[in-house]
Amino acid sequence: MIDYSTTINRLTLLDAYPLPNIEELVIKVAQTKYYSSLDLRSAYHQIPLLEEERFYTAFEAGGDLYQYKQLPFGVTNGVSAFRRSIDCFIKTYQLQKVYVYLDDLTATGETIEEHDLNLKRLLDAAAACNPTLNEEK
């Protein structure tokens, strides 16, 4: 991981996009009978950077210069950018009873049929966007 604390993090304005309240999420999930949780593998690295922003992530290794094409870990607004992208994903695909905390997506339902429908819609939306799921979890 690159240490951005002495470079772009010092100069980046804070984006205070809120994280969800974990207690509220647990209560919402606990109020349903069925749920499935999916984990996004290397979640930040699935968020593309605009080409004009890539040079900010430049780093040297072995005498060569590299730039990230996806959001790297360790940047000041990484959590906010990731969270905003996931919220947009849920809104765009109109996913119901799907909750997100950090890199975990949870589909829920009162009945097995509702759960299965919500999970299928989540998986269909994920297939359209090609995120990498951590199938081991």
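**Salt bridges and the nonpolar core**

In this predicted model, the side chains of Lys-120 and Asp-124 meet in a salt bridge, with 2.7 Å from N to O; the term is used here for a side-chain nitrogen of Lys or Arg within 4 Å of a carboxyl oxygen of Asp or Glu. The two residues are four apart in helix α4, so about one helical turn separates them. Helices (H or I, at least four residues) and strands (E, at least two) are DSSP runs, numbered from the N terminus. Lys-120 is partly exposed at 48% relative accessibility, and Asp-124 is partly exposed at 41%. Buried stands for under 20% relative accessible area, exposed for over 50%, and partly exposed for what lies in between (1.4 Å probe, protein chains only).

A word on conventions may help here. Local features need pLDDT of at least 70 and side-chain atom pairs count only at pLDDT 80 or more, while totals for chains, interfaces and linings use all residues. Residues are numbered from 1 along each chain as its sequence is written, and side-chain values use heavy atoms, with hydrogens and water left out.

In total, the structure holds four salt bridges. One of them joins Asp-15 to Arg-84, with the closest N and O atoms 2.7 Å apart. Asp-15 sits in the loop between α1 (8-11) and α2 (22-30) and Arg-84 in helix α3, so this pair ties together parts that are 69 residues apart in sequence. Asp-15 is partly exposed, with a relative accessible area of 24%, and Arg-84 is partly exposed at 36%.

Helix α3 also carries a salt bridge between Asp-87 and Arg-83, whose N to O distance is 3.2 Å. Because they are four residues apart in this helix, about one helical turn lies between them. Asp-87 counts as partly exposed at 24% relative accessibility, whereas Arg-83 counts as buried at 13%.

Turning to the interior, the largest nonpolar core has 23 residues; such a core is a set of buried Ala, Val, Leu, Ile, Met, Phe, Trp, Tyr and Cys residues joined through side-chain atoms within 4.5 Å. Those with the most contacts inside this core include Leu-71, Phe-82, Ile-86, Ile-90 and Leu-105. At least two core residues come from each of α3 (78-92), β4 (98-101), β5 (104-109) and α4 (112-129), and α3 gives the largest share, four residues. Leaving aside residues up to four places away in sequence, Leu-105 touches Ser-36, Ser-37, Leu-38, Leu-40, Ile-86, Tyr-99, Val-100 and Leu-122, a contact being heavy atoms within 4.5 Å.
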